[in-house]
Amino acid sequence: GLKKNNVFNKLKKIATQGGVLRQELHYQHGDLDSWLEIQAAPMEKGIALTITDINEKKEAEGELVQAYEDVKEAEQGLIQLNSELEQRVKERTEALSKSEHRFRMVAQATNDAVWDWDLVKNDFWWNDTFEHIFGYDRNTVASGIDALMHHLHPDDAEMVKNALDGVINRGKKQWSYEHRFRRADGSYAFV
């Protein structure tokens, strides 16, 4: 107990030489296993001694240390996950870039008018053949679904709108529908 941890000698020194003592002690004796805080200060004839049970404090400190270790472990896991995600993003970005490059090459090589609709931005992209087939400058043609509908033959507009709505509502990524599209000279081309 107190002798084993040199506390007794420290108390004797305070009684004879002065000073103060504040020490945490893990006390084990028989079935007793307890954390204690010992405080001692000299008095006129001896010392004042307090012994306080600090088991709850030590348990809380242990839980705090464990929580800190858990947070550090989670942080390391998040760092690893972030690294893996960054690598996946890099790989997918490279794959997307290659795919987009192939798409652009095919769009340039074909004699067909190719267009792509960004639903989020409501923006159309047309390939170079669009200008040749329809006679419009693709950079000055209004973009978006309203512009597309404006160029459709009046007899086809409602059917095209319904077909597009159906494709979007079913989550499809491609659409094909024969309709008439007005050229710059006012004539219509079947597409």
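Here are a few questions and answers about a predicted model, covering its sheet, two helices and a cavity.

User: What is the strand order in the open sheet of 3 strands?
Analyst: Let's start at the rims: β1 (21–29) and β3 (46–53) are the edge strands, each pairing on one side only. The pairing in this sheet is antiparallel. Reading across, the order is β1-β2-β3.

User: Which residue in β3 is the bridge partner of Ile-38?
Analyst: Strand β2 covers residues 32–43, and 8 bridges join β2 to β3. These two strands run antiparallel. For Ile-38, the bridge partner in β3 is Ile-51.

User: At about what angle does helix α2 run to β2?
Analyst: Helix α1 (residues 7–17) lies across β1, β2 and β3, running at about 150 degrees to β1. Helix α2 (residues 55–109) also lies across β1, β2 and β3. Its angle to β2 is about 115 degrees.

User: How much space lies in the largest cavity?
Analyst: With a cut-off of 30 Å³ or more, the structure holds 1 cavity. The space in the largest cavity comes to about 40 Å³.

User: Which element gives the most to the lining of the largest cavity?
Analyst: The lining includes Phe-124, Trp-126, Ala-147, Leu-148 and His-151. Two or more lining residues come from each of β5 (123–126) and α4 (145–151). The top contributor, with 3 residues, is α4.

User: How many charged residues are in the lining of the largest cavity?
Analyst: Sorted by class, the lining has 8 nonpolar residues and 3 polar ones. As for charged residues, there are none: the lining has no charged residues.

Methods:
Residues are numbered from 1 along each chain as its sequence is written. This is a predicted model: local features need pLDDT of at least 70, side-chain atom pairs count only at pLDDT 80 or more; totals for chains, interfaces and linings use all residues. Side-chain values use heavy atoms; hydrogens and water are left out. On a 1 Å grid over the protein atoms alone, a cavity is a set of points where a 1.4 Å probe fits but cannot get out, and a pocket is an open set with protein on both sides within 12 Å along at least five of seven lines; lining residues have an atom within 4 Å of a point. Grid points are joined across faces, edges and corners, and a volume is the space filled by probe spheres set on the points. Helices (H or I, at least four residues) and strands (E, at least two) are DSSP runs, numbered from the N terminus. Ala, Val, Leu, Ile, Met, Phe, Trp, Tyr, Cys and Pro count as nonpolar, Asp, Glu, Lys and Arg as charged, and the others, Gly among them, as polar. Two strands pair if DSSP finds at least two bridges between them. Contact means heavy atoms within 4.5 Å. Axes are lines fitted to C-alpha atoms, for helices over the stretch in contact, and angles run from 0 to 180 degrees between N-to-C directions.
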